[in-house]
Protein chains: 2
Amino acid sequence: MSEVRQFSAAGRRVLAAAEELFYERGITAVGVDLVAERSGVTKRTLYNQFGSKDQLVTAYLGERDRRWRALVRATVDDCADPLHAVTAPFEALREWSRTSGRGCAFVNALAELPDPDHPAHRVATEQKRWLRDLFSELATAAGCTDPATLATQLLVLHEGALATQPLALDTLPATTDLAWTLVRAAADATG
Amino acid sequence: MSEVRQFSAAGRRVLAAAEELFYERGITAVGVDLVAERSGVTKRTLYNQFGSKDQLVTAYLGERDRRWRALVRATVDDCADPLHAVTAPFEALREWSRTSGRGCAFVNALAELPDPDHPAHRVATEQKRWLRDLFSELATAAGCTDPATLATQLLVLHEGALATQPLALDTLPATTDLAWTLVRAAADATG
DNA sequence: CCCTCGGTATACTGATCTGTGAAGTCCAGA
DNA sequence: TCTGGACTTCACAGATCAGTATACCGAGGG
């Protein structure tokens, strides 16, 4: 499914520059000339590697998704307690927020790319679905009741904390507390 | 504070077209030429009325904010039960979503306007702060414990439901249920 | 009558956008 | 030594961007 494309050294530099610029300044506002210049590469090389701006954008989102999932997985695996593991993505989010202060890259991308056939939509939808399913699996493993509903609620909390991030309202602590309360309540209900 | 500017008939048509186009297609992706054409007005008139694209964008967000607050206030006022009134904004959101399927216009705008000095940031931040404070007031009126924390959690739930809207995961029902559970629990804790 | 005001119509500036063409450079491996 | 591929350099096309200039029109009011 997810084809791991091999990029050249120049291609990787382009991707790194694209990640930073697209996230910080917005996709439409950043031109390919700037990405090329910032990565020390010619526009010709950029187009030889990625074909079009749309494909570069898709690669940028895919790469960011890959990094985010890796962080979440690592944080989950570090949890000895299976109950605590259910809220591990919120801990990962706290770590992730140290460098990303402009909200969710995927939500932001959808805001700029209204065409539902754009591959970016698939990437974004798959990421959120993946997180919801992960919540569900972790909740099931921890013996929670109604893991499907709990997973949806945790996903909404997660996205809410991410969406309010650029507003500097410091919502993450209260959100994490609530997530933990929900998980404990769902676990207690089994006994 | 919020100066109610009077627009001419042409200016109002421009604002209506801007609302639809900016929200549906994104701010950067929509040019002033298109807004002028869609509203049946010349670019000269557009600039005479709004001065610049940035100011038109700010007016668009301000107008949308005004309409959203009016809907929320009306929905809250329709609630006889003060406890039920705390979750009224979620009911308003359901109504609002019937026409707006592309997430929060303000979050989307911030994604495209990274400059924190842009007036759009002030509009967006004030809107979310207003909603949080409204939650807090309603929770206090309903006799809930710790209305400040509850308000933040309800805001996060609200924004989470809004942010996941374009992903077609149907998160609003489970979110509204959870909001209602939280409010009831906070009210019961007083007795 | 004339004059201002809000609007129309149209053409324009200069910058920037995505994407391509053509020729030349560099280097690893057969 | 030759070859092929990745990369650079530079010029360019064609479109679109925000914003401006100039001239015109019709209605309302002194």
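Reader: What share of the atoms of DNA strand D within 4 Å of the protein belongs to sugar or phosphate?
Author: In this predicted model, sugar or phosphate accounts for 62% of the strand D atoms within 4 Å of the protein, and bases make up the rest.

Reader: Which of the 16 residues around DNA strand D come nearest?
Author: They are A:Ser8, A:Thr42, A:Thr45, B:Lys43 and B:Lys53.

Reader: What makes the pairing of A:Thr42 with a phosphate oxygen of DNA strand D a polar contact?
Author: A polar side-chain atom of A:Thr42 lies 2.6 Å from that phosphate oxygen. The rule asks for N or O atoms within 3.5 Å, so the pair qualifies. By the same limit, A:Gln49 qualifies: an N or O atom of its side chain is 3.1 Å from a phosphate oxygen of strand D.

Reader: Which kind of strand D atom does the side chain of B:Lys43 approach?
Author: A base oxygen, which is 2.3 Å from an N or O atom of the B:Lys43 side chain. Helix H3 (43-50) of chain A and helix H3 (43-50) of chain B are the elements that give two or more residues to the surface near strand D.

Reader: What is the corresponding picture for DNA strand C, and how many residues surround it?
Author: Strand C has 17 residues around it, the closest being A:Asp33, A:Lys43, A:Lys53, B:Ser8 and B:Thr45. Of the strand C atoms that come within 4 Å of the protein, 49% are sugar and phosphate.

Reader: Which side chain has a polar atom 2.8 Å from a phosphate oxygen of DNA strand C?
Author: That of A:Lys53. For B:Thr42 the distance from a polar side-chain atom to a strand C phosphate oxygen is 3.0 Å, and for B:Gln49 an N or O atom of the side chain is 3.1 Å from one. Two or more residues of the surface near strand C come from each of helix H2 (32-38) and H3 of chain A, and H3 of chain B.

Reader: Why is the relation of chain B to chain A called a two-fold axis?
Author: Chain B superposes on chain A, with an RMSD of 0.1 Å, after a rotation of 180° and a shift of 0.0 Å along the axis. That is the relation of a two-fold axis. B:Gly160 comes closest to the axis among the residues of chain B, with its C-alpha at 1.8 Å.

Reader: How do you know that the copies meet through the same surface?
Author: 100% of the interface residues of chain B are also interface residues in chain A, so the copies use the same surface. The contact involves 36 residues of chain B and 36 residues of chain A.

Reader: What area do chain B and chain A bury between them?
Author: About 2,900 Å², of which 75% is on carbon and sulfur atoms. B:Val156, B:Leu167 and B:Leu169 supply 20% of what chain B buries against chain A, more than any other three residues.

Reader: How many salt bridges and how many residue pairs in polar contact does the interface of chain B and chain A have?
Author: The rule finds zero salt bridges and six residue pairs in polar contact. On the side of chain B that touches chain A, H9(B) gives the largest share, ten residues. That side divides into 17 nonpolar, eleven polar and eight charged residues.

Reader: Where does B:Gln165 sit, and what makes its approach to B:Ser100 a polar contact?
Author: B:Gln165 is in the loop between H9 and H10 of chain B. Its side chain reaches the backbone oxygen of B:Ser100 at 2.9 Å, and the limit is 3.5 Å. The B:Gln165 side chain also reaches the backbone nitrogen of B:Gly103, at 3.0 Å.

Conventions
Residues are numbered from 1 along each chain as its sequence is written. Chains are lettered from A and ligands numbered from 1 in the order in which they are written. This is a predicted model: local features need pLDDT of at least 70, side-chain atom pairs count only at pLDDT 80 or more; totals for chains, interfaces and linings use all residues. Side-chain values use heavy atoms; hydrogens and water are left out. Contact means heavy atoms within 4.5 Å. Buried area is the accessible area (1.4 Å probe) that two parts lose on being put together, summed over both. A salt bridge is a side-chain nitrogen of Lys or Arg within 4 Å of a carboxyl oxygen of Asp or Glu. A polar contact is a pair of N or O atoms within 3.5 Å; within protein, one must be able to donate a hydrogen and the other to accept it, and residues adjacent in sequence count only if both atoms are side-chain atoms. Helices (H or I, at least four residues) and strands (E, at least two) are DSSP runs, numbered from the N terminus. Ala, Val, Leu, Ile, Met, Phe, Trp, Tyr, Cys and Pro count as nonpolar, Asp, Glu, Lys and Arg as charged, and the others, Gly among them, as polar. Copies are superposed by least squares on the C-alpha atoms of residues with pLDDT of at least 70 in both. A residue is near a molecule or strand if one of its heavy atoms lies within 4 Å of it.
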